[in-house]
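Biologist: I am new to this structure and should like to be guided through it. Please show it before we begin.

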Amino acid sequence: ACSVSIRATTEKALNIGQFYLEYENNPLLLNGYVQFIPVKYNVSMLAQDFNLGFLGVNKDIEQASGVANIDAIFSNESTTGHILLDNFNYKTKDKSTLVENVNANIDLTNNKFVVNRLDGGYNGGTFKVTGDLDVPTIPADFMQTKRLELGKFELNAALDKVGLHYGKGIDFALTGNLIFTENRLFGDLAVDNAEIRELPDFNSKSETENLSEEEKSKKVQDKTVVEGIVEEVIDKILKQYTVNLNVRAGNNVKLNIPNVSIVRNIKGTVKGASEVSYSGGEIGIDGEYSITKGSFSVNGNDFKIDGAEIRFIPSASGKVTSVSDPFVVFDASTVVNGERIEITANGNVSKLDIKFSSSSGKSKEEIVSLLAFNTVVGNGERKPGTEAEENSADGLVVSGSLVNTALNELLFSSVTGKIKEVLGVSKLSVSTNV
């Protein structure tokens, strides 16, 4: 059963006579008022043994259960009460979210949420959170922005193999400890049981980018309070946040990418550690990662990655390395028609030095042509009377610029493309120095 009595006394105030929700004989009561100019509010919430199974009415939810007990008063002068959550479970039909046996004991006192207990299971792992945070306040422009003002907070989180997803192509589990305050995030994390199936799309456009001003205005009006809170948190992080995280690649971190451009079946195991920092809108990394047991395929030629390292090394001045320009050491080899071909690379991504060699002494141009175009050029005698730079029996010239073009498309086009997209730079390519 559901009974609602809400009345707008003026455009500047909202009177909640009574909001009553009953599910399986357990009621949730909400009443009070909210005045926007000037901001004043007094809202009480009461629930006794309220069955959270009602969340399961959502068509995307496979199962929901648990019990909530709430006795709280929210006002601009003071906030008091407590919130108890017992054995909360929540599972989505798409299997992306699995919450198990979550319990909470939260006091509301002196305009603060005091988290005495918040723990349970999430996506195959467990978490535990303690700490306190100011109760968000309602600003004068709330009806326009739907954003609450966040105050001070400090939350301590302990994670044990908590499963997370980045898009649809990256799954991983986090273990470690985090401290989250109103202006800083720091801690130590280990990434385990990860599978990277695709390079993330950093260039996803904002939903509002192509909307008219009228459509944008309507979207703001339709925005929920939860969306407004998320926007406020993100905005705060981007403008004034400092992040220091020690991140270690733990057990079973796998590359399993079906294809990137014409490079296919990229596989390997990732090991290493780094310190990730964020300050003043800039991301930096200090650390080193390696790929072992690696392999990939180019035009049907299977390469073994003999060694690969990605090093984020601070400069002499101590400035951390940009995410886009690590130092790379890379060795890979394959056998084509009985001939061993090796590719080695080292240097920063922005000026990578790439070398090719083969067991029969083919030139760099010939090897790149063989891999990129499935055609060997330059491996015969020059025709009489041809120009000096012509290096193939059939008269096809493989110039340095062609090699650079082929190489960028062959190995690095998608990677450098992602870097260009996320950083907004207009030009980034790999040169062979031919």
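Modeller: Accessible areas here come from the Shrake-Rupley method with a 1.4 Å probe, and for residues only the protein chains shown count as cover. This is a predicted model, in which local features need pLDDT of at least 70, side-chain atom pairs count only at pLDDT 80 or more, and totals for chains, interfaces and linings use all residues. Residues are numbered from 1 along each chain as its sequence is written, and side-chain values use heavy atoms, with hydrogens and water left out.

Biologist: What share of the exposed area do carbon and sulfur atoms supply?

Modeller: The protein exposes about 24300 Å². Of this area, carbon and sulfur atoms supply 53%.

Biologist: How many strands are there in the protein?

Modeller: Helices (H or I, at least four residues) and strands (E, at least two) are DSSP runs, numbered from the N terminus. Beside 5 helices, the protein has 21 strands.

Biologist: Which residue is the bridge partner of Thr269?

Modeller: Two strands pair if DSSP finds at least two bridges between them. Strand β15 (residues 263–279) is joined by 14 bridges to β16 (residues 282–298), and the two run antiparallel. In β16, the partner of Thr269 is Thr292.

Biologist: Which residue in β15 is the bridge partner of Asn246?

Modeller: Strand β13 (residues 242–249) also runs antiparallel to β15, with 7 bridges between them. Within β15, Asn246 has as its bridge partner Glu275.

Biologist: What is the relative accessible area of Gln35?

Modeller: Gln35 belongs to strand β3 (residues 26–35). Buried means under 20% relative accessible area, exposed over 50%, and partly exposed in between (1.4 Å probe, protein chains only). Gln35 is partly exposed, because its relative accessible area is 25%.
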